[in-house]
Amino acid sequence: MSETLQKIPKIGMVSLGCPKALTDSELILTQLSAEGYQTSKTFQGADLVIVNTCGFIDDAVKESLDTIGEALSENGRVIVTGCLGARTGNDGANMVRQMHPKVLAVTGPHATQEVMDAVHANLPKPHDPFTDLVPNAFGVAGIKLTPRHYAYLKISEGCNHRCTFCIIPSMRGDLVSRPIGDVLKEAQALFAGGVKELLVISQDTSAYGVDVKYRTGFWDGKPVKTRMLDLVQALGEIAQPYGAWVRLHYVYPYPSVDDVIPLMAQGKVLPYLDVPLQHSHPEVLRRMKRPASGEKNLERIAQWRKDCPELVIRSTFIVGFPGETEQEFAHLLDFVREAQIDRTGCFAYSAVSGAAANALPGMLPLQEREERRARFMAVAEEVSVARLQRRVGCTMQVLVDAAPGLGKKGGVGRSYADAPEIDGTVRLLPPEKISKTLKVGEFTKARIVQVHGHDLLALPLP
Ligand code: SF4
């Protein structure tokens, strides 16, 4: 190693929290790399550590504060960014600074430039001109923390809603949509760099463009509106020559989503919708101040399934919300059965400091909230497994996530029905044909032979 390279400053990075925080980390890493900094996988091997924090629920706050403490004791030079960085304690002082006064700098979320300023102030950037030319497979899309074959595409920041259990808008602000031309350019670069699955994320994907009044932007010399339908259409077209998947997350059940369903039926984007419903009972939704709470969700979902029978719906729910009666909870159980939600996440309500819901009457005892969660999950799992069972005997397209030794002993992948990290997987058996190989990031057809909990077991086909 040359003298120059030995002097290159190294930065450690810990990224906690949701995919939106992950994309913030990716932006910071891209910038660091472009400026010639190197990354270190350990706290001890780094000259400085950046901790990207989450402040969503109290457990996440604790994890973030613990990680900052660990980074301080093992490295000592720490910059904090992310949602927790924007939070204040009861006395109005910055929570991170209060708990860890030794941190070098604290910023809120999506603050790449502020983080870079703090890095420059504490660890001057290297001057080697060769390090400015860092090879970057994703071009304008920058560095990705996900495995190379799938990537998150953040289309907007912030949220215009004010759900009473959520403090994200107070941390991330109102909706700011990225220009559609930039989003599509990034998607193109990702596919060109080998991404086979693009996961569209935001706080509210259906609201894309509302803040800019659906302004017309440009892509490939053609006008295109900053609007969910136009975005999804364009993404489907860009993905097609690469044979890649486009998956939509955080879509609220507004009537405008109806127009996206035919694109799923035509195979332009995956027939998969992540719709965070949180509850079914109109009164609870009203207390939660949920977007699209006045919509007739059961009817809407039934129509979606009619228009696109392959559609898989993932959703998350909160049980034991303040004032939730047994009758309201029973309404939710019926809803999950009737709507046939394929994949379900569930939280027992827990107070988040700073959330408006804390002031609502009727907080349920922890034990009751947990009991409801268990009862809810029993029903949701029954529905989920029954829906998985229908796949046995079918042939599905599977994107391979892991395949040691070219898959001779099998591997792990996902079908269109499984988003990475949150849904189940397709466990691939060793192929019967000796010449058949499995490669990470490639598709294989597989015949489903069994259901294993939330996963499927499948035989790869030649
Ligand atoms: S839609 Fe509601 S839960 Fe989601 S980020 Fe906005 S305020 Fe929070």
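**Exercise 1. Which helices and strands cover the buried residues of helix 11?** Start by finding those buried residues, then look at what sits over them.

*Solution.* A quick note before we go: the model you're looking at is predicted.

Step 1. Find helix 11, which runs over residues 297-307. Its buried residues are Asn 297, Arg 300, Ile 301, Trp 304 and Arg 305.

Step 2. Look down the helix axis. The buried residues of helix 11 fall within an arc of 135°, so they line one face of the helix.

Step 3. Now check the face turned away from that buried side. There you'll find the exposed residues Glu 299 and Lys 306.

Step 4. Go back to the buried side and see what covers it. The cover includes three helices: helix 9 (261-265), helix 12 (326-339) and helix 13 (366-389). It also includes strand 13 (272-274) and strand 14 (312-319).

Step 5. Pick one residue, Asn 297, and zoom in. Asn 297 has a relative accessible area of 10%, and buried means under 20%, so Asn 297 counts as buried. Skipping neighbours within four places in sequence, Asn 297 is in contact with Pro 253, Leu 277, Ala 292 and Phe 335. Its C-alpha atom is separated by 8.6 Å from that of Ala 339, though the two are 42 residues apart along the chain.

**Exercise 2. Work out what surrounds the ligand, and sort those residues by character.**

*Solution.* Step 1. List the shell. Around the ligand you'll find Cys 159, His 161, Cys 163, Phe 165, Cys 166, Ile 168, Pro 169, Gln 203, Tyr 252 and Arg 290.

Step 2. Sort them. The shell divides into seven nonpolar residues, two polar ones and one charged one.

**Exercise 3. Which residues of the largest nonpolar core touch the most other members?** Then follow one of them outward.

*Solution.* Step 1. The largest nonpolar core has 57 residues, and the ones touching the most other members are Leu 248, Leu 273 and Phe 376.

Step 2. Follow Leu 273. Leaving out neighbours within four places in sequence, Leu 273 is in contact with Leu 248, Val 251, Val 257, Ile 261, Met 264, Trp 304, Leu 311, Val 312, Ile 313 and Arg 314.

Step 3. Don't stop at one core. Apart from the largest one lies another, of 21 residues, including Trp 245, Val 398, Val 400 and Val 426.

**Exercise 4. Compare the surroundings of Thr 444 and Lys 154. Is each one buried or exposed?**

*Solution.* Step 1. Place them. Thr 444 sits in strand 19 (residues 443-452), while Lys 154 belongs to strand 6 (residues 150-154).

Step 2. Check accessibility. Thr 444 has 4% relative accessibility, so Thr 444 counts as buried. Lys 154 is buried too, with a relative accessible area of 7%.

Step 3. Look for polar partners. The side chain of Thr 444 pairs with that of Lys 436 in a polar contact of 2.8 Å. The side chain of Lys 154 makes a polar contact with the side chain of Thr 23 at 3.1 Å, and another with the side chain of Asp 24 at 2.9 Å.

Step 4. Widen the view to all contacts beyond four places in sequence. Thr 444 touches Met 396, Gln 397, Val 398, Val 400, Leu 428, Lys 436, Leu 438, Pro 460 and Leu 461. Lys 154 is in contact with Lys 20, Thr 23, Asp 24, Arg 172, Arg 178 and Ile 201.

**Exercise 5. Find where Asp 220 and Gln 278 lie, and look at their phi angles and accessibility.**

*Solution.* Step 1. Asp 220 lies in the loop between strand 10 (216-219) and strand 11 (222-225). Gln 278 is in the loop between strand 13 and helix 10 (282-288).

Step 2. Read the phi angles. Asp 220 has a phi near 60°, positive in a residue other than glycine. Gln 278 isn't a glycine either, and its phi is positive at about 70°.

Step 3. Check accessibility. Asp 220 is exposed, with a relative accessible area of 58%, whereas Gln 278 counts as buried at 9% relative accessibility.

**Exercise 6. Describe the setting of Leu 29.**

*Solution.* Step 1. Leu 29 is in helix 2 (residues 19-34), and it is buried, with a relative accessible area of 10%.

Step 2. Beyond four places in sequence, Leu 29 touches Met 13, Thr 39, Ile 143 and Leu 145.

Terms used. Residues numbered from 1 in each chain as written. Predicted model: local features only at pLDDT ≥ 70, side-chain atom pairs only at ≥ 80, totals over all residues. Heavy atoms only, no water. Near = heavy atom within 4 Å. Nonpolar A, V, L, I, M, F, W, Y, C, P; charged D, E, K, R; others polar. Buried < 20%, exposed > 50% of the residue type's maximum accessible area, 1.4 Å probe, protein only. Helix = DSSP H or I, 4+ residues; strand = E, 2+ residues; numbered from the N terminus. Arc of directions from axis to C-beta. Contact = heavy atoms within 4.5 Å. Core = buried A, V, L, I, M, F, W, Y, C linked by side-chain atoms within 4.5 Å. Polar contact = N/O pair within 3.5 Å; in protein donor to acceptor, adjacent residues only side chain to side chain.
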